[in-house]
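Got your viewer open? Let's walk through this one together, one selection at a time.

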Amino acid sequence: RIMALAIGQAFNVAYHEFLRNSGIKENLLEEVEYASIMGAQQSPTAEIDPLLHGQTKQITVGKKKGEMLGIMVVAAGIGSIMPAAVVAHLSKTGPALKCGQINVGDYLLSINGTSLVGLSIQQCIDHIKVKG
């Protein structure tokens, strides 16, 4: 019960902070507007929804031995519920772009059977260099 009260209070504080930061006066906010604003917020599980619903895909990139994939990756970001590498850039001449199946913003979950989820960005880059 104490935990539920604490969560409720935290939500209330966060809600009021959200309204203040958004320039919304609470006394002018109608129930319909509240539902609209809250509905526009991204689901907290949006990052992992594709995993939960089997919407991932396996991609094979054809490249020559020693050839770079032609991708730049970054960490998913602070607060991400799925720490992994995210494609930030595709080289115009790289095999990753030429395969036509990889896009900026895609999560790289594994490479050649090695999971990248939960690894530091440097570990992900090292795996991509060695196994990619």
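Start by selecting asparagine 112, which sits in the loop between strand E4 (110-111) and strand E5 (114-115). Keep in mind that you're looking at a predicted model. Is asparagine 112 buried or exposed? With a relative accessibility of 62%, asparagine 112 counts as exposed, because the cut-off for that label is over 50%. Now check its backbone: phi of asparagine 112 is near 50°, a positive value in a residue that isn't glycine. Most residues other than glycine have a negative phi.

Next, slide along to threonine 114, in strand E5. Threonine 114 has a relative accessible area of 18%, so it counts as buried, the limit being under 20%. What does threonine 114 touch, once neighbours within four places in sequence are set aside? Show Leu109, His127 and Lys131, and you have its contacts.

**Zoom out**

Colour the chain by secondary structure. There are 5 helices and 5 strands, and reading along the sequence gives you α-α-α-β-β-α-β-β-β-α. Of the 132 residues in the chain, 17% are buried. Among contacts with a separation of 6 or more, 43% join residues 24 or more positions apart.

**The sheet**

Now select E1, E2 and E3. In that order, these 3 strands form an open sheet with antiparallel pairing. E1 and E3 are the edge strands, each pairing on one side only. How many bridges link E1 and E2? Their antiparallel pairing runs over 5 bridges, while E2 and E3 (residues 107-108) pair over 2 bridges, also in the antiparallel sense.

Let's look at some of those partners. Pick valine 73 and you'll find valine 87 of E2 standing opposite. Then pick methionine 72, in strand E1, whose bridge partner in E2 is histidine 89. Methionine 72 has a relative accessibility of 47%, so it's partly exposed, a label that runs from 20% to 50%. Leaving out neighbours within four places in sequence, methionine 72 is in contact with Val86, Val87, Ala88 and His89. Try a distance label too: the C-alpha atoms of methionine 72 and isoleucine 125 are 8.6 Å apart, though the two residues are separated by 53 residues along the chain.

On the E3 side, select alanine 85 and find leucine 108 opposite. Which residues does alanine 85 contact, leaving aside neighbours within four places in sequence? Its list is Val73, Val74, Asp106, Tyr107, Leu108, Ile121 and Cys124.

**The core**

Nonpolar side chains in soluble globular proteins tend to be buried together. To see the largest nonpolar core here, select these 12 residues: Leu69, Val73, Ala85, Val87, Leu90, Ala96, Ile102, Leu108, Ile111, Leu116, Cys124 and Ile128. Two elements, strand E2 (85-90) and helix H5 (121-131), each supply at least two residues of this core. Which one gives the largest share? That's E2, with 3 residues. You've already met some members along the way, including Val73, Ala85, Val87 and Leu108.

**The loop between E1 and E2**

Jump to proline 83, in the loop that joins E1 and E2. Proline 83 has a relative accessible area of 41%, so it's partly exposed. Aside from neighbours within four places in sequence, proline 83 is in contact with Leu116, Val117 and Gly118. Add serine 120 to your selection as well: serine 120 and proline 83 are 37 residues apart in sequence, and their C-alpha atoms are 8.0 Å apart in space.

**Last stop: a pocket**

Rolling a probe the size of a water molecule over the atoms shows where empty space is left. Turn on a surface and look for the second largest pocket, with a volume of about 220 Å³. Where should you centre the view? Select Met68, Leu69, Ile71, Ile128 and Lys129, which lie nearest the pocket's centre among its 12 lining residues. Strand E1 (71-75) and H5 are the elements that give two or more residues to this lining. If you colour the lining by residue type, you'll get 7 nonpolar, 2 polar and 3 charged. Two of the residues nearest the centre, Leu69 and Ile128, also belong to the largest nonpolar core.

Key: Residues numbered from 1 in each chain as written. Predicted model: local features only at pLDDT ≥ 70, side-chain atom pairs only at ≥ 80, totals over all residues. Heavy atoms only, no water. Core = buried A, V, L, I, M, F, W, Y, C linked by side-chain atoms within 4.5 Å. Buried < 20%, exposed > 50% of the residue type's maximum accessible area, 1.4 Å probe, protein only. Helix = DSSP H or I, 4+ residues; strand = E, 2+ residues; numbered from the N terminus. Contact = heavy atoms within 4.5 Å. 1 Å grid on protein atoms, 1.4 Å probe; cavity = no way out; pocket = protein on both sides within 12 Å on 5 of 7 lines; lining within 4 Å. Points joined across faces, edges and corners; volume = space filled by probe spheres on them. Nonpolar A, V, L, I, M, F, W, Y, C, P; charged D, E, K, R; others polar. Pairing = 2+ DSSP bridges.
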